[in-house]
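Let's take a walk through the empty spaces of a protein and see what lines them. Keep the sequence and the structure open while you read.

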Amino acid sequence: MAASMTNLHRSAQLYERARAVIPGGIPGIRAPENFVPGAYPILLAGGRGGHVTDVDGNDYVDLLLGYGPVILGHAEGRVDAAARERAAGGFCLDLPEPIMIELAERLVSMVPSAEQVLLLKTGSDATTAAIRIARTYTGRSIVLRCGYHGWHDWCLEGDPGVPSGTTDTVIPFPYNDLDRLAHLLKNHAGDVAAIMLTPVGHDFDRQIEPPGPGFLEGVRKLADEHAVVLAFDEVRTGFRVHPGGAQGLYGVTPDLTALGKAMSNGYPVTALVGRREVMESAQNTFISSTYFPNGMEMAAALKTLELIVEEDVLSTIGAIGASLREGLGEIVTRHGLPVSLSPFDEMPFVYFKPALESRQIERRDAFYGALAQDGVFAHPRHHGFLCWRHGAEDLARVLEAVDAAAAGL
Ligand code: PMP
């Protein structure tokens with residue numbers, strides 16, 4: 001428990017209230033124990049640009065950005081105005097609105113693998129739809145997967161509440177391990193419906209890992225040889241590492257792609273896109289939900305994607321990220337911090353490895369706790385993000401806080 005200098009009283013009070021009516025008070029990954037209890041706020045009140053404010057009125061440079069969706073900045077006027085305009089016209093209708101087609105066309109124009117599009121609500125929806133379509137298309141059941149794909153049964157393993165039968169046909173493989181993948185395909189020849197992987201390795205509590213030379217090309221080749229559907233989970237990398245996603249950056253095109261997060265600056269709309277022939281199989285299975293066709297969030301997505309392209313948002317983010325990495329590198333070296341830095345400028349991460357060693361956990365928590373106390377909101381075990389509205393002042397504040405936190409260790 002870090003000693004709290006920042007006033008977090010209201011956070012603590014509200015947490016008590018929450019615990020009475022919500023399991024654990026704060027469910028899921030946002031639970032206080034996933035940060036540094038006592039040093040971080042527990043509830044936030046709002047956000048603007050690259051900052052968030054907690055319920056006690058403390059301001060933070062936000063380096064987590066809602067776990068990735070906020071690519072432009074919080075409360076981005078033009079996006080919110082587009083959503084408000086759709087909302088004012090009624091947006092939960094009996095049939096889809098034309099904006100669904102407009103958004104699908106926009107995605108087809110941006111993402112290399114996109115010939116057809118299904119619009120959904122969460123990243124988990126998009127990855128699950130990919131698996132259902134791949135199984136329908138191939139008539140096979142086994143899925144080889146790598147990375148986090150959401151909270152649905154098929155991609156969890158051993159979690160209470162998930163019967164083993166659900167995941168018996170889903171086999172994980174390690175990132176950047178082509179031999180293992182080839183071995184699994186051989187062992188299950190004729191039974192594999194899909195390979196799903198995050199094209200960049202970005203597991204929780206690990207440093208981000210780029211694809212090794214020939215890895216993605218090798219995966220594509222193996223998928224072709226075994227007539228297996230190749231699905232990229234670009235929920236996190238889509239519209240962030242390149243306007244066309246990691247597939248645009250690395251020039252390897254999958255059959256299906258799950259997209260979400262940065263696509264809509266925080267509004268709940270995601271997409272499964274892909275090759276026409278495979279996507280058409282969606283018609284032979286069941287993928288439907290009350291809220292899938294809602295126009296309000298589609299209007300937000302359309303405006304977000306328009307701004308990403310027209311304002312060259314990713315170049316701005318890349319430039320800030322490069323300066324940040326340079327500054328972090330200098331501080332880390334000067335203080336001899338036992339950490340690694342993310343190889344992706346747009347997804348910064350000061351990673352304390354190996355995180356299972358208790359001394360490192362202490363150091364990590366002291367470091368991140370100090371950052372939070374100094375007005376920088378970053379996750380101790382999840383890489384960060386940058387947004388278009390982060391500026392030079394934010395960068396200076398982050399580096400000053402990092403320097404102080406490093407000195408404190
Ligand atoms: N895939 C990846 C790569 C993700 O990062 C996430 C969310 N962290 C998901 C899928 C699931 O998305 P959601 O939380 O929107 O269901």
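## Holes, hollows and a ligand

By class, the second largest cavity is lined by 6 nonpolar, 2 polar and 2 charged residues. Before we go on, keep in mind that this is a predicted model.

Let's stay with that cavity for a moment. Its volume is about 60 Å³. Which residues line the second largest cavity? They are Gly 321, Leu 324, Arg 325, Leu 328, Leu 341, Ser 342, Phe 344, Asp 345, Pro 348 and Phe 349. Helix α11 gives the most to this lining, with 4 residues.

How many cavities of 30 Å³ or more does the structure hold? The count is 3. In the largest cavity there is about 150 Å³ of space. It has 16 lining residues, and those closest to its centre are Leu 63, Phe 349, Val 350, Tyr 368 and Ala 378. You may recognise Phe 349, which also lines the second largest cavity. Three elements give two or more residues to the lining of the largest cavity: α11 (313-335), α12 (358-373) and α13 (392-408). Of these, α12 gives the most, with 3 residues. As for class, the lining has 12 nonpolar and 4 polar residues, and no charged ones.

Now for the pockets. The largest pocket has a volume of about 1300 Å³, and 46 residues line it. Nearest its centre you'll find Tyr 148, His 149, Gly 150, Arg 236 and Lys 261. The elements giving two or more residues to this lining are α4 (123-138) and β5 (142-146). Here α4 gives the most, with 3 residues.

The second largest pocket has a volume of about 390 Å³. Among its 21 lining residues, Arg 30, Leu 44, Val 52, Gly 66 and Phe 377 are the closest to the centre. Strand β1 (residues 44-48) supplies the largest share of the lining, 3 residues.

Here is how the two pocket linings divide by class.

| Pocket | Nonpolar | Polar | Charged |
|---|---|---|---|
| Largest pocket | 17 residues | 18 residues | 11 residues |
| Second largest pocket | 15 residues | 4 residues | 2 residues |

So much for the spaces themselves; what about the ligand? Where does the ligand sit? The space it takes is the largest pocket. Around the ligand are Thr 122, Gly 123, Ser 124, Tyr 148, His 149, Gly 150, Thr 198, His 202, Asp 233, Val 235, Arg 236 and Lys 261. Sorted by class, this shell has 2 nonpolar, 7 polar and 3 charged residues. Some of these names should ring a bell: Tyr 148, His 149, Gly 150, Arg 236 and Lys 261 are the residues nearest the centre of the largest pocket.

Zoom in on a few atoms now. An oxygen atom of the ligand is 2.8 Å from a polar backbone atom of Gly 123. Then there are two side chains to look at. A ligand nitrogen atom lies 2.7 Å from an N or O atom in the side chain of Asp 233. For Lys 261, an N or O atom in the side chain is 2.9 Å from a nitrogen atom of the ligand. How much of the ligand's accessible area does the protein cover? On its own the ligand has 390 Å² of accessible area, and the protein covers 81% of that.

To find your way back, start from the ligand in the largest pocket. Then look for β1 at the second largest pocket, α12 at the largest cavity and α11 at the second largest cavity.

Methods. Residues are numbered from 1 along each chain as its sequence is written. This is a predicted model: local features need pLDDT of at least 70, side-chain atom pairs count only at pLDDT 80 or more; totals for chains, interfaces and linings use all residues. Side-chain values use heavy atoms; hydrogens and water are left out. A residue is near a molecule or strand if one of its heavy atoms lies within 4 Å of it. A polar contact is a pair of N or O atoms within 3.5 Å; within protein, one must be able to donate a hydrogen and the other to accept it, and residues adjacent in sequence count only if both atoms are side-chain atoms. Accessible areas come from the Shrake-Rupley method with a 1.4 Å probe; for residues, only the protein chains shown count as cover. On a 1 Å grid over the protein atoms alone, a cavity is a set of points where a 1.4 Å probe fits but cannot get out, and a pocket is an open set with protein on both sides within 12 Å along at least five of seven lines; lining residues have an atom within 4 Å of a point. A molecule sits in a cavity or pocket if more than half of its atoms lie within 2 Å of its grid points. Ala, Val, Leu, Ile, Met, Phe, Trp, Tyr, Cys and Pro count as nonpolar, Asp, Glu, Lys and Arg as charged, and the others, Gly among them, as polar. Grid points are joined across faces, edges and corners, and a volume is the space filled by probe spheres set on the points.
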